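Student: I'm new to this one. Can we look at it together and talk about charged side chains?

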Amino acid sequence: MGEERLLPPPVFWAERKNLLYVKVQLEDCRNPTIKVEKDKIYFKGKGGTENKDYEVTLELFKEIKPEDSKYAVRGRATEFVLIKGAEEFWKRLLKEDKRWVETLLMCLFLLPYILSSFLIA
């Protein structure tokens with residue numbers, strides 16, 4: 001059997017021209033594994049209401065300065081302040097724009113149900 005994939009925790013973000021605010025929303029997570037690199041963030045921890053393992057790697061849209069960036073593990077979430085490599089606004093957080101893929105997969109999943117409702121009517 002293959003290795004079981006862990007759930008990704010909810011991630012929220014906001015930006016200013018010179019920095020990013022990223023929040024990994026996982027309650028009661030103690031001692032998570034965190035790696036901040038110039039092009040990605042890695043987070044793995046155990047927490048939440050069911051005390052499950054969560055993991056996420058965020059491949060960032062552009063580079064950051066890991067040596068100037070900071071994070072804090074708090075009771076309700078882990079908060080990051082990431083300093084951008086260049087002062088500019090990003091069009092998204094992640095390198096890959098997965099929204100169109102998710103939309104396409106959702107449409108393909110729902111298509112049989114939509115077609116069957118037309119055939120029944």
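Tutor: Sure, one term to begin with: buried means under 20% relative accessible area, exposed over 50%, and partly exposed in between (1.4 Å probe, protein chains only). Keep in mind that this is a predicted model, where local features need pLDDT of at least 70, side-chain atom pairs count only at pLDDT 80 or more, and totals for chains, interfaces and linings use all residues. Residues are numbered from 1 along each chain as its sequence is written, and side-chain values use heavy atoms, leaving out hydrogens and water.

Student: How many salt bridges does the structure hold?

Tutor: Side chains of opposite charge can pair when their charged atoms come close. A salt bridge is a side-chain nitrogen of Lys or Arg within 4 Å of a carboxyl oxygen of Asp or Glu. The number of salt bridges here is 6.

Student: Which residue meets Lys84 in a salt bridge, 2.5 Å from N to O?

Tutor: Lys84 sits in strand β7 (residues 78-84), and its partner is in strand β1 (residues 11-15), 69 residues apart. Strands (E, at least two) and helices (H or I, at least four residues) are DSSP runs, numbered from the N terminus. Lys84 is buried at 2%, and the partner is Glu15.

Student: Is Arg76 buried or exposed?

Tutor: Arg76 pairs with Glu27 in a salt bridge (3.2 Å, N to O). Arg76 lies in the loop between β6 (64-73) and β7, and Glu27 in the loop between β2 (19-24) and β3 (33-36), so the pair ties together parts 49 residues apart in sequence. Glu27 is partly exposed at 29%. With a relative accessible area of 55%, Arg76 counts as exposed.
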